[in-house]
Amino acid sequence: MPRIGHGYDVHKLVKDRKLILGGVNIEHDVGLLGHSDADVLTHSIMDALLGAAGLGDIGLHFPDTDSQYKNADSILLLKHVIQILKQKNYKISNLDCTIIAQAPKLRPFINQMTLNIANACEIDSNQVNIKATTEEGLGFTGEKAGIASHCVCIIE
């Protein structure tokens, strides 16, 4: 039976941090603040997958109080989530993701993000859809204070 999951993540933009989205290091004057690499796209995907399987969220599996996850590569954490899903006999049908960021323009990086996510999830790239949008200067993302991401998934 198909199961639907939704994931959401947000991180604050700050100086002296890398901007990593979908495992892609994007040159930018600010980056995302977090315990791990703060990859909001990958975090939203993990939350969607874990939620669809009824297995909690990334905070349960990778708590920010655990030093082993300090500056962790979120793509590696996603690979761990995929192993958890495989143990429960779940397969991903599709991922549909939206990154909300006023800047930088993300279109040039989406193909690589898609490949990184598909490889980590052990699925075809046509099962991963990543979009980026702005909020026309509104809210915390529009004011360039942070970046957010949503992901909806179907697993079987």
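In the predicted model, the axes of helices α3 and α4 approach within 8 Å and cross at roughly 35 degrees. On the α3 side, the contact is formed by I75, L78, K79 and I82, which meet N116, I117, A120 and C121 of α4. Classified by residue type, this contact of α3 with α4 comprises six nonpolar residues, one polar residue and one charged residue.

Helix α3 (residues 74–87) also packs against helix α1 (residues 40–52), at an angle of about 10 degrees and with the two axes 10 Å apart. Because angles under 35 degrees count as roughly parallel, α1 is described as roughly parallel to α3. The α1 residues involved are T42, H43, I45, M46, L49 and L50, and their partners in α3 are S74, I75, L77, L78, V81, I82 and L85. Ten of the residues in the contact of α1 with α3 are nonpolar and three are polar, with no charged residue present. I75, L78 and I82 of α3 take part in the contact with α1 and are likewise found in the contact with α4.

Two salt bridges were counted in the model. In one salt bridge, the side chains of E122 and K86 meet at an N to O distance of 2.7 Å. This pair connects distant parts of the chain, 36 residues apart: K86 belongs to helix α3, whereas E122 lies in the loop between α4 (110–121) and β6 (128–133).

Two features of backbone geometry were identified in loops. Most residues other than glycine have a negative phi, and most peptide bonds are trans. N89, which is not a glycine, nevertheless has a positive phi of about 65 degrees; N89 is located in the loop between α3 and β5. The peptide bond from A103 to P104 is cis, with omega near 0 degrees, and P104 is placed in the loop between β5 (92–100) and α4.

The largest pocket encloses about 200 Å³ of space. Its lining consists of 14 residues, of which S36, H43, I58, F62 and D64 are the closest to the pocket centre. One of these, H43, is also among the α1 residues that meet α3. Strand β1 (3–14), helix α1 and helix α2 (58–61) each contribute at least two residues to the lining of the largest pocket. By class, six lining residues are nonpolar, six are polar and two are charged. The lining of the largest pocket thus includes charged residues, whereas the contact of α1 with α3 has none.

Terms used:
Residues numbered from 1 in each chain as written. Predicted model: local features only at pLDDT ≥ 70, side-chain atom pairs only at ≥ 80, totals over all residues. Heavy atoms only, no water. Axes fitted to C-alpha atoms, helices over the stretch in contact; angles between N-to-C directions. Helix = DSSP H or I, 4+ residues; strand = E, 2+ residues; numbered from the N terminus. Parallel < 35°, antiparallel > 145°, perpendicular 65-115°, else oblique. Contact = heavy atoms within 4.5 Å. Nonpolar A, V, L, I, M, F, W, Y, C, P; charged D, E, K, R; others polar. 1 Å grid on protein atoms, 1.4 Å probe; cavity = no way out; pocket = protein on both sides within 12 Å on 5 of 7 lines; lining within 4 Å. Points joined across faces, edges and corners; volume = space filled by probe spheres on them. Salt bridge = Lys/Arg side-chain N within 4 Å of Asp/Glu carboxyl O.
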